[in-house]
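Q: Hey, I'm new to this one. Can you walk me through it?
A: Sure, let's pull it up.

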Amino acid sequence: MRPILYSHPFSSYCQKVLAALYENGTEFDTRMLGPEDPSAYEELCKLWPVKRFPMLVDKGKPVFEATIIIEYLQVHYPGPLKLIPDDPDQAIEVRMLDRFFDNYISTPQQKVVFNALRPEDKRDPYGVEEALNMLDAAYGWLDQRMANREWAAGDTFSLADCAAAPSLFYADWTHEIGERFANVRAYRSRLLTRPSFARAVDEARPYRPFFPLGAPDRD
């Protein structure tokens, strides 16, 4: 049996896993989480009461969290591209950057989006300001890092880039990556032309009207 991915194409963390799957041509089945198939969400909730996705189920075993799913795929469904290097020090760098993109770009970006989804009397302008400041700090750090790099951890596409792609994709919609961060903007453009992530972005296009801050037409 092929592994089953419970996901939604517009979710950034689902796109992170999809990029990894598409990079290595890994065969899998999808359970789409949405009103079209409510049973898929019911199955996810039974296996994972926290109710977060993506979730991978392989041979009846659930695997949670996008990073861990990618780690699991490398162990159990290895492909031509090793998204986590064998060299221990290189692997640490890749994992460190994976955490950077999830914690310091994706998390504050989502805070702004979730705030926009709240009723107006429940919104948190101070929290949004903090999130935007975090994004600017993260853009600045990343801009220096990407001055002489093609991919986040060097010359090879890795787990870190799987994390970076959806993080920067949506972050630029939420809090535009300014011209002073030219290296970040160029890196984001490279990620968008990477076939694996470009496929994930194209699959999510029908859902763009649901983005609460308004999805730009440029991507």
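A: One term before we start: two strands pair if DSSP finds at least two bridges between them. Also, this is a predicted model.

Q: OK, so which residue in β4 is the bridge partner of Val57?
A: That's Pro62. Strand β3, residues 55-58, pairs with β4 in the antiparallel sense, over four bridges.

Q: And what order do the strands of the sheet come in?
A: The order is β2-β1-β3-β4, in an open sheet of four strands with mixed pairing. At the edges sit β2 (29-32) and β4 (61-64), each pairing on one side only. From one strand to the next, the twist averages 25 degrees.

Q: Which strands does helix α2 touch?
A: Helix α2 (residues 38-47) packs on the sheet and touches β1 (4-7), β2, β3 and β4. Another helix, α3 (residues 66-76), lies across β3 and β4, at about 125 degrees to β4.

Q: Switching to aromatics: how many aromatic pairs are there?
A: The count comes to 16. Take Trp48 and Phe64: their ring centres are 3.8 Å apart and the planes are at 10 degrees, so that pair is stacked.

Q: Where do Trp48 and Phe64 lie?
A: Trp48 is in the loop between α2 and β3, while Phe64 is in strand β4, so the pair ties together parts 16 residues apart in sequence.

Q: Is Phe64 buried or exposed?
A: Phe64 counts as partly exposed, at 22% relative accessibility.

Q: What about Tyr187, buried or exposed?
A: Tyr187 is buried, at 0% relative accessibility. Tyr187 also belongs to an aromatic cluster whose members include Phe100, Trp141 and Trp151.

Methods. Residues numbered from 1 in each chain as written. Predicted model: local features only at pLDDT ≥ 70, side-chain atom pairs only at ≥ 80, totals over all residues. Heavy atoms only, no water. Helix = DSSP H or I, 4+ residues; strand = E, 2+ residues; numbered from the N terminus. Axes fitted to C-alpha atoms, helices over the stretch in contact; angles between N-to-C directions. Contact = heavy atoms within 4.5 Å. Phe/Tyr/Trp six-rings, centres within 6.5 Å; stacked < 30°, edge-to-face > 60°. Buried < 20%, exposed > 50% of the residue type's maximum accessible area, 1.4 Å probe, protein only.
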